[in-house]
Amino acid sequence: MLYLALIALLSLGAATTLRDSATAAGVVCGLLYVLPLVPLMIGDPGLRRLLWQVTPANAGLAVQTTTHLDDLPIGPWEGLGVAAAWAAAALLGAWLLLRTRDVRA
């Protein structure tokens with residue numbers, strides 16, 4: 001449930017930043033569905049593990065894992081922290097753009 005709330009906040013930040021719902025939906029779907037495929041295309045195991053740890057979907061969904069936790073590239077709570085960092089970055093970017101771009105003089 002917390003992961004879904006973080007994805008909703010990420011989506012809110014993207015929609016506020018882009019000011020277009022269709023574009024924001026495309027960007028968030030790209031982050032959640034296309035970006036997790038990139039580590040599968042990398043041959044270097046160290047880089048693959050790093051990319052797996054920093055993508056919001058892969059890291060955030062690690063919180064659902066209950067068995068074989070030692071086999072995960074990132075722990076459940078650390079993964080949720082990565083998803084929270086993506087959501088915070090999106091909201092911070094949206095807030096900064098609202099303060100600078102959308103100010104009425």
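**Entry 1: H1 against H2**

I began with the first helix pair and noted that H1 and H2 are oblique to each other, since their axes, 8 Å apart, make an angle of about 135 degrees. I should record at once that I am working from a predicted model. For the sense of the crossing, I found that H1 passes H2 in a right-handed manner. I then listed the residues that meet: from H1 they are Tyr3, Ile7, Leu10, Ser11, Ala14, Ala15 and Leu18, and from H2, which covers residues 21-34, they are Thr23, Ala24, Val27, Val28, Leu31 and Leu32. Sorting this contact by class gave me 11 nonpolar residues and two polar ones, with no charged residue.

**Entry 2: H1 against H5**

Next I turned to H1 (residues 2-18) and H5 (residues 76-101), whose axes come within 8 Å and cross at roughly 25 degrees. With the limit for roughly parallel set at under 35 degrees, I put H1 down as roughly parallel to H5. This crossing is left-handed, whereas the crossing of H1 with H2 is right-handed.

On the H1 side I noted Leu2, Tyr3, Leu6, Leu9, Leu10, Leu12, Gly13, Ala14, Thr16 and Thr17. On the H5 side I noted Leu80, Ala83, Ala84, Trp86, Ala87, Ala90, Leu91, Gly93, Ala94, Leu97, Leu98 and Arg101. The class count for the contact of H1 with H5 came to 17 nonpolar, four polar and one charged.

**Entry 3: Ala14**

Ala14 had turned up in the contact lists of H1 with H2 and of H1 with H5, and I therefore looked at this residue by itself. Ala14 sits in helix H1 and counts as buried, because its relative accessibility of 13% falls under the 20% cut-off. Setting aside neighbours within four places in sequence, I found Ala14 in contact with Ala24, Val28 and Ala90. For the pair Ala14 and Ala90, which stand 76 residues apart along the chain, I read a C-alpha separation of 6.0 Å.

**Entry 4: H5 by itself**

I checked the length of H5 and found agreement: at 1.5 Å a residue its 26 residues should span 38 Å, and the C-alpha atoms at its ends are 37 Å apart. The buried residues I listed for H5 are Pro76, Gly79, Leu80, Val82, Ala83, Ala87, Ala90 and Ala94. When I asked what covers them, the elements I found included H1, helix H3 (45-54) and helix H4 (56-60).

**Entry 5: Arg19**

Going back to the loop between H1 and H2, I stopped at Arg19, which is not a glycine and yet has a positive phi of about 55 degrees. I kept in mind that most residues other than glycine have a negative phi. Is Arg19 buried or exposed? Its relative accessible area is 54%, and I entered Arg19 as exposed because the cut-off is over 50%.

**Entry 6: the chain as a whole**

I closed with the overall counts, finding five helices and zero strands in the protein chain, with the elements running α-α-α-α-α from the N terminus on. Taken along the principal axes, the box filled by the C-alpha atoms is roughly 55 × 30 × 20 Å. Of the 105 residues, 29% count as buried. For contacts between residues at least 6 apart in sequence, I noted that 51% join residues at least 24 apart.

Methods:
Residues are numbered from 1 along each chain as its sequence is written. This is a predicted model: local features need pLDDT of at least 70, side-chain atom pairs count only at pLDDT 80 or more; totals for chains, interfaces and linings use all residues. Side-chain values use heavy atoms; hydrogens and water are left out. Axes are lines fitted to C-alpha atoms, for helices over the stretch in contact, and angles run from 0 to 180 degrees between N-to-C directions. Helices (H or I, at least four residues) and strands (E, at least two) are DSSP runs, numbered from the N terminus. Angles under 35 degrees count as roughly parallel, over 145 as roughly antiparallel, 65 to 115 as roughly perpendicular and the rest as oblique. A crossing is left-handed if the near helix is turned anticlockwise from the far one by less than a right angle, and right-handed if clockwise. Contact means heavy atoms within 4.5 Å. Ala, Val, Leu, Ile, Met, Phe, Trp, Tyr, Cys and Pro count as nonpolar, Asp, Glu, Lys and Arg as charged, and the others, Gly among them, as polar. The expected span of a helix is 1.5 Å times one less than its number of residues. Buried means under 20% relative accessible area, exposed over 50%, partly exposed in between (1.4 Å probe, protein chains only).
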